[in-house]
Every structure is written in structure tokens, then in C-alpha cells.
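Dear colleague,

Please find the model we spoke of just below, with its sequence. Once you have had a look, the notes underneath say what came out of going through it.

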Amino acid sequence: MPAFGANRHARICQRLRDGRAPAEGLAFSALRQGRPVGTVRLWHVSAGGVPALVLGPLAVDPICRNLGIGAALMNHALAAAKRLGHGAVVLLGDAPYYARFGFSALKTGELSLPGPFERNRLLGFELREGALEGASGMIVPTGAAARRGKPGPAGKLRKLAPRAA
């Protein structure tokens, strides 16, 4: 999907996802007229020793921006993570956009990422009160290794999705 951006593999949070599978039950896509137009995934991490999820990427096809697809994906992903018993979600993103979902830098001040990042963009959201209390140190991946071999339904969907020229 072109909404991911050409440089997404160089991004700091991509390092937390490389070679890992998304958290079980926490990878979602939005379809419009049978075509994928948005996606969000959550991944297991240790946020300075505290179990958490990292959110990303959240992407919406530029043609479908301003239709509420990103907000719907966010709300769905956070509700699913809470329902599955997860305590917190962290992300690196635009604070004004993510604030409406409850994300802030208040709980991430003692956390860091593997590489340079803008401190005010490291945001956290507690799905369970106090879940990020005491979180301090490096955010590192803890999720299961990605499966190799025959693609599952998501891999097949990517093959079927139209590509930008």
C-alpha cells in the first residue's frame, strides 16, 4: 500500500517489527469496495521491562483519507488489545493526532528507542491503569518470529492488492 511511505524500512519502529509476527489477533485491515485501503498492527515489546504493544504502522490509502478509516482502525485495534488483556500501547507518532485516542508522552519519558527519535513523538496509552508505571529503559521487541514459507491470508491479500506505479 503506498500509504506506508517509501522510507518505512528505515524507520526506528520498523526495527521493532523486523522479523517478528504481529501480536495474535491484532492485525487489522480496512476494505472499501473489496479493495484494501487501510491497515493497523500491534506488536509485542518490552517497554523498559514492562510488557506492552507497539502500534504501527497505521496507514490509510491517500485517496481515502478524511473518511475516518484511520480513526476506526485505531479504535478497533485498541478495543481488541484491551479485550485480549494487554496493558499498554506505545508508538512513535504525531502527538496531536494520537491524543484524541488517549496517547500522550506522560508515561514514556523514561523510555527510549533503538536509534535517534524525537522525544515528544514517543507516546503511550494505558489500556489498564498503571500498566506503564515504572517503565524505564529501552523498548525492545519480544514477539514471536515471523513465519517463513507459504504466505497466509495476509500475504495473499498483499499479492492481490493494487500497487502504485
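How many helices and how many strands does the protein have? It has four helices and seven strands, where helices (H or I, at least four residues) and strands (E, at least two) are DSSP runs numbered from the N terminus, and along the sequence they follow the pattern α-β-β-β-α-β-α-β-β-β-α. Please keep in mind that this is a predicted model, in which local features need pLDDT of at least 70 and side-chain atom pairs count only at pLDDT 80 or more, while totals for chains, interfaces and linings use all residues. Residues are numbered from 1 along each chain as its sequence is written, and side-chain values use heavy atoms, with hydrogens and water left out.

Of the 165 residues in the protein, 41% are buried, a term that stands for under 20% relative accessible area, with exposed meaning over 50% and partly exposed in between (1.4 Å probe, protein chains only). Among contacts (heavy atoms within 4.5 Å) between residues at least 6 apart in sequence, 67% join residues at least 24 apart.

The largest nonpolar core, meaning a set of buried Ala, Val, Leu, Ile, Met, Phe, Trp, Tyr and Cys residues joined through side-chain atoms within 4.5 Å, has 27 residues, and L26, L78, V89 and F103 touch the most other members. At least two residues each come from β1 (27-32), β2 (35-47), β3 (50-60), α2 (69-83), β4 (88-92) and β6 (122-126), and α2 gives the most, with eight. A second, separate core of 18 residues includes W43, L111, L113 and I139.

β6 is largely enclosed by the rest of the structure, because five of its five residues are buried: L122, G124 and E126 lie on one side, and L123 and F125 on the other. β4 and β6 pair in the antiparallel sense over five bridges, where pairing requires that DSSP finds at least two bridges between two strands, and L91 stands opposite L123 in β6.

Finally, rings of Phe, Tyr and Trp (its six-membered ring) pair if their centres lie within 6.5 Å, with planes under 30 degrees apart counted as stacked, over 60 as edge-to-face and the rest as tilted. By this rule there are four aromatic pairs; one of them, Y98 with F103, is edge-to-face, at 6.0 Å centre to centre and 75 degrees between the planes. Y98 counts as buried at 11% relative accessibility, and F103 is buried too, at 3%. Y97, Y98, F101, F103 and F125 form one aromatic cluster.

With best wishes
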